[in-house]
Amino acid sequence: MIDARPATCRPGDEALARGAWEDARQAFARAAAEDESPEAHEGLGLAGWWLDLADTVFESRERAFHLYRVRGDKRGAARVAVWLGWDTWAFRGQPAVAAGWFQRARRILQGVGDVPELAWLELREGAQALLEDGDPDLALRHATECIRVGRATGDIDREMLGRSLLGLALVSSGAVAEGMRSLDEVNAAVVAGELSDLVAIGLSSCYLIAACERVRDYDRAAQWSERLKAFSTRWGHRPLFAVCRAQYGSMCVWRGTWPEAEQALTAAAEELAVSRPAMAADGLARLAELRRRQGQLGEAEALFVRAEPGAASLLGRAELAYDRGDPRTAAEQAERYLRRVPAHNRTERASGLELLARAQAAAGDLDGARAARGELQEIAALVATQPLRGAASLAAGLVAAGGADADAARRHLEDAVDLFHQCGAPYEEARARVELARALHVLGRGEAAREEIDRAIDRLTDLKAGLELARATALRDSFDTPAPRVDAGGSGLTPRELEVLRLVADGLSNGSIAERLFVSEHTVHRHVANIFNKLGVSSRAAAVAQAARRGLVG
């Protein structure tokens, strides 16, 4: 707001200061009716924002913008224009219209010099660049300018908000240590009581949690989520509380406390659908991911569809394709996701690369899988958190297994199991143990394989992860039959091709093999074609006879 406040706005200002949003709304409504000042309409819009009254927000702020322009108050008009840009994105999901309001504010502020409104504009444009477009470099430039203007004008709230966005952008680009230092500084200022703007305090905490999520530092994120939840409850900030709930729910998913995750994510999705419809997609995608892990694939798909066109929805549907035994489609969708995420947004690329490496290895595209694994390993080394290192080790193990290097696969998968266990991720640990059991079985180490698969089944049973549990149980059952050893006959068959060949020798059709291995029939057909080519045969009977002569099947 501006320095010279009309006396009629004083009751509303006092109500805002104590968080009495409804009192503030009524006071500003009376003031607006009495003197039709832009300050009264701006105050009414802010009270409506806290109360999630979209109609009040837009009507009041648009009126305030007009009145500030009539008065010739450039700072007031620009300030409200920035708010309208943010409102348009959050309430209506219209980024193009939001960009128009931001550009209007920038043009109005030309020649005004360094003022708090310019810092506010830089902050919101930077946040839009990072959170909507995934561009950390552009966000860094806006954040740096926000910090400069904040310092020049002595506005500690704007300066610290800029430092908070700077930290999130740095973390997203892979400069984790530097970014976290900036975020720590901001939240130290919050704890010390240096910030007075409630919006700045809430956003700073939210950016810190988002940074923790991007590098999968879930312990740290959980601690700050509790703090943000308390802040949101204290001041009645329902949208921020819903976002906080969604973030907390995802942490519960990671930790394996799925009933708690269910409660948090369901509530968050419902609240955001009412208060900030354009922000609801994130909550829906998080809930869909929980459903996917629970094995409720139909419901998960419906939720991912509702979360479109967000990147999280695209990646989630790629995971569903992989779950359904269609690695080729999963790889294509993971590539599509990665095309939407700039190369310098490293932390957002990690999940896509992790899936791409898995899917391409399963589809037999080892060159593509190795490329995805390599970029993921670079990101994991840069970020250096246990969950990302575990993800990179799991991807490396699957790629090694696809390339018939079972011993290298064993080493990578053992690392993945250890890392996921250390960071308290039971679902990821169980999946890594399943793959480790498979590699050990190929190496002929039946007792160790049985121990790993039993431990995986115990964890998946506790989680009630239906689909993964069924797969793990089927794999354990398959261990009752002698496993094929790594090819010693010079055939060049991969472990998976040897597994398919054994099932062909048992008389199973492609459809039955696909059902047994939880892959698509198309994938089995491709494996059979590769087997024919490598053995120099043209029929299933000839392949079995050739394999028997070479000692590849019993």
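The place of Asp52 is in the loop that runs between helix H3 (38-50) and helix H4 (54-71), and in this predicted model the residue adopts a positive phi of about 65° although it is not a glycine. This backbone setting comes just after H3. Asp52 counts as buried, because its relative accessible area is 14% and the limit for a buried residue is under 20%.

The helix that precedes this loop is itself covered. In H3, 13 of the 13 residues are buried, so the helix is largely enclosed by the rest of the structure. Its length also follows expectation, since its 13 residues should span 18 Å at 1.5 Å a residue and its end C-alpha atoms lie 19 Å apart, which agrees. From H3, the side chain of Glu42 meets that of Arg79 in a salt bridge with an N to O distance of 2.7 Å. Because Glu42 lies in helix H3 and Arg79 in helix H5, the pair ties together parts that are 37 residues apart in sequence. Glu42 and Arg79 are both buried.

Helix H5 (residues 74-92) also contains Lys74, and this residue takes part in a positive surface patch together with Arg69, Arg104 and Arg107. Lys74 is classed as partly exposed, because its relative accessible area of 41% falls between the 20% and 50% limits.

A second positive phi in a residue other than glycine is found at Ala404, where the angle is near 70°. Ala404 has its place in the loop between H21 and helix H22 (406-422), and the positive phi thus comes just after H21. With a relative accessibility of 26%, Ala404 counts as partly exposed, whereas Asp52, at 14%, is buried. Helix H21 (residues 386-402), which leads into this loop, has 17 residues and reaches 24 Å from its first C-alpha to its last, close to the 24 Å expected at 1.5 Å a residue. The helix is mostly covered, with 14 of its 17 residues buried.

A further backbone feature occurs at Pro309, where the peptide bond from Glu308 is cis, with omega near 10°. Pro309 lies in the loop that separates helix H16 (297-306) from helix H17 (311-323).

Across the model, the count of salt bridges comes to 44. In one of these, the side chains of Arg286 and Asp282 meet at an N to O distance of 2.7 Å. Both residues belong to helix H15 (residues 280-294), where they are 4 residues apart, about one turn of the helix. The two partners fall into separate accessibility classes: Arg286 counts as buried at 15% relative accessibility, whereas Asp282, at 37%, counts as partly exposed. Elsewhere, salt bridges that share partners join Glu289, Arg292, Arg293, Glu319, Asp323, Arg358, Glu428, Glu468 and Arg471 into one network. Another salt bridge is formed between the side chains of Arg158 and Asp155, with an N to O distance of 3.7 Å, and here both Arg158 and Asp155 are buried.

Toward the later part of the sequence, Ala514 lies in helix H27 (residues 510-517). With a relative accessibility of 6%, Ala514 counts as buried. Ala514 and Val500 are 14 residues apart in sequence, and their C-alpha atoms are 9.2 Å apart in space.

Taken as a whole, the protein chain has 29 helices and 0 strands. Its C-alpha atoms fill a box of roughly 95 × 40 × 40 Å, taken along the principal axes. Of the 554 residues of the chain, 57% count as buried, and among the helices described here, H3 has 13 of its 13 residues buried and H21 has 14 of its 17.

Definitions and conventions. Residues are numbered from 1 along each chain as its sequence is written. This is a predicted model: local features need pLDDT of at least 70, side-chain atom pairs count only at pLDDT 80 or more; totals for chains, interfaces and linings use all residues. Side-chain values use heavy atoms; hydrogens and water are left out. Patches are made of residues with over 30% relative accessible area and no salt bridge: like charges are joined within 9 Å, nonpolar side chains (Val, Leu, Ile, Met, Phe, Trp, Tyr) within 5 Å. Accessible areas come from the Shrake-Rupley method with a 1.4 Å probe; for residues, only the protein chains shown count as cover. A salt bridge is a side-chain nitrogen of Lys or Arg within 4 Å of a carboxyl oxygen of Asp or Glu. Lys and Arg count as positive and Asp and Glu as negative; His and the chain ends are not counted. The place of a charge is taken as NZ of Lys, CZ of Arg, CG of Asp or CD of Glu. Helices (H or I, at least four residues) and strands (E, at least two) are DSSP runs, numbered from the N terminus. Buried means under 20% relative accessible area, exposed over 50%, partly exposed in between (1.4 Å probe, protein chains only). The expected span of a helix is 1.5 Å times one less than its number of residues.
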